[in-house]
Amino acid sequence: MTQSWFAVSALISIAFSGALSASTLYNDGPYLFYNNNKVERIDIVANKKTVSEYNGPLTITPTFNANRIDNFQGIEKIAAISDIHGQLDIFKTLLVNNKVIDQSLNWSFGKGHLVITGDIFDRGDTVTEALWLIYKLEQQALAAGGKLHYLLGNHEYMVLRDDQRYLHPKYVHAVSHFNNDLRQQYSNNSVLGRWLRSKSTIININGFIFLHGGIHQDFLDLKLSLEQANSEFRQTIGLGKQALKENPTWLTLHGSNGPIWYRGYFRDDALNDTQVDAVLSQLNAKKVIVGHTSMPTIETRFNSKIIAIDSSIKRGEKGEILLWQNGEFKRGLMSGEQKPLQ
């Protein structure tokens, strides 16, 4: 099903009206589900569920292909951002003012790659809107010869196994219309659920490793290629903790030292440059770029070998985006001003 792009910003604006109101009436959606040869649309309007047939404007396909290769070299420019946590306004402002998208919320980054290192979900009240914007931009990036990488973080995996602890009240209400089960809301029969199941968790661009948490030796000891690790991660989507414990590989991937949870770069006082160098050597990488651990700005550790890009967007006040071009990293601010990475 293909429609023109002109109405996509209107779709996002309609969804954005779902922000919390003084009367606690919630609007949310659309949630799209495959129903034979049709796409069924579910919206929450003034706390009530409505069902209709979806007729655009987004392009809906029956399948979403996972990356065959998670290693991308020779990319001319990169932007990276993390931990949006339902703060659509900050996300849009950073992308627009740093020329990744235009004022109409369309891709303007050419053949560049935009990386989102997880945690679109939870905390804020514009998660659905952010997901559909990313969905649209992903298709526009491909058409322009670029690529958008939405990597899964710990909160994606939590939501997809029905962990509701960090939901904004708006989404607590929304899930009540899906038998109070996020696994149904984002099932493999839903467009967003099927799309999320195609995503990677760890990628390499130009020798920079991008992921949500970080790389610990426990992960490297599994001796998985990035493609193998991402395949294993996809197999765990929706599984409960007991199922993860029964598989040693999955337990490591989802453990405290696993790629979506590890915070050792910032909290392990015993970690040193030699150990970080050993990790980079095993990855055949120059740097590791992560979110997950909140900072006041984009920061570096271990002589700039680790770059922390969770700039506390979740607080709903401000944030930053990491930019790379011509061999130089910069911090993109809300205003569009770009500062060297220290």
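**Exercise 1. Characterise the largest pocket: its volume and its lining.**

Step 1. The largest pocket has a volume of about 400 Å³. The model is predicted: local features need pLDDT of at least 70, side-chain atom pairs count only at pLDDT 80 or more, and totals for chains, interfaces and linings use all residues. Residues are numbered from 1 along each chain as its sequence is written, and side-chain values use heavy atoms, with hydrogens and water left out.

Step 2. Fix the terms. On a 1 Å grid over the protein atoms alone, a pocket is an open set of points with protein on both sides within 12 Å along at least five of seven lines. A cavity is a set of points where a 1.4 Å probe fits but cannot get out. Lining residues have an atom within 4 Å of a point. Points are joined across faces, edges and corners, and a volume is the space filled by probe spheres set on them.

Step 3. The pocket lining has 19 residues. Nearest the centre lie Asn 65, Glu 138, Leu 142, Lys 147 and Lys 199.

Step 4. α3 (127-143) and β7 (147-150) each supply at least two lining residues. β7 gives the most, with four. Helices (H or I, at least four residues) and strands (E, at least two) are DSSP runs, numbered from the N terminus.

**Exercise 2. Find the cavities of 30 Å³ or more and list what lines them.**

Step 1. There are two such cavities.

Step 2. The largest cavity holds about 60 Å³ of space. Its lining has 13 residues, and Phe 121, Val 127, Leu 167, Tyr 171 and Tyr 186 are the closest to its centre.

Step 3. The second largest cavity holds about 30 Å³. Its lining is Tyr 157, Arg 161, Thr 236, Gly 238, Leu 239, Leu 244 and His 254.

**Exercise 3. Describe the ring pair Phe 121 and Tyr 186, and explain what it ties together.**

Step 1. Count the aromatic pairs (ring centres of Phe, Tyr and Trp, its six-membered ring, within 6.5 Å). The structure holds 14.

Step 2. Phe 121 and Tyr 186 pair edge-to-face (planes over 60 degrees apart). Their centres are 5.3 Å apart, with 90° between the planes.

Step 3. Phe 121 lies in the loop between β6 (113-116) and α3, and Tyr 186 in the loop between α6 (182-185) and α7 (191-196), so the pair ties together parts 65 residues apart in sequence.

Step 4. Phe 121 and Tyr 186 are both buried (under 20% relative accessible area, 1.4 Å probe, protein chains only).

Step 5. Ring pairs link Tyr 31, Phe 33, Phe 121, Phe 178 and Tyr 186 into a cluster.

Definitions and conventions:
Rings of Phe, Tyr and Trp (its six-membered ring) pair if their centres lie within 6.5 Å; planes under 30 degrees apart count as stacked, over 60 as edge-to-face and the rest as tilted. Buried means under 20% relative accessible area, exposed over 50%, partly exposed in between (1.4 Å probe, protein chains only).
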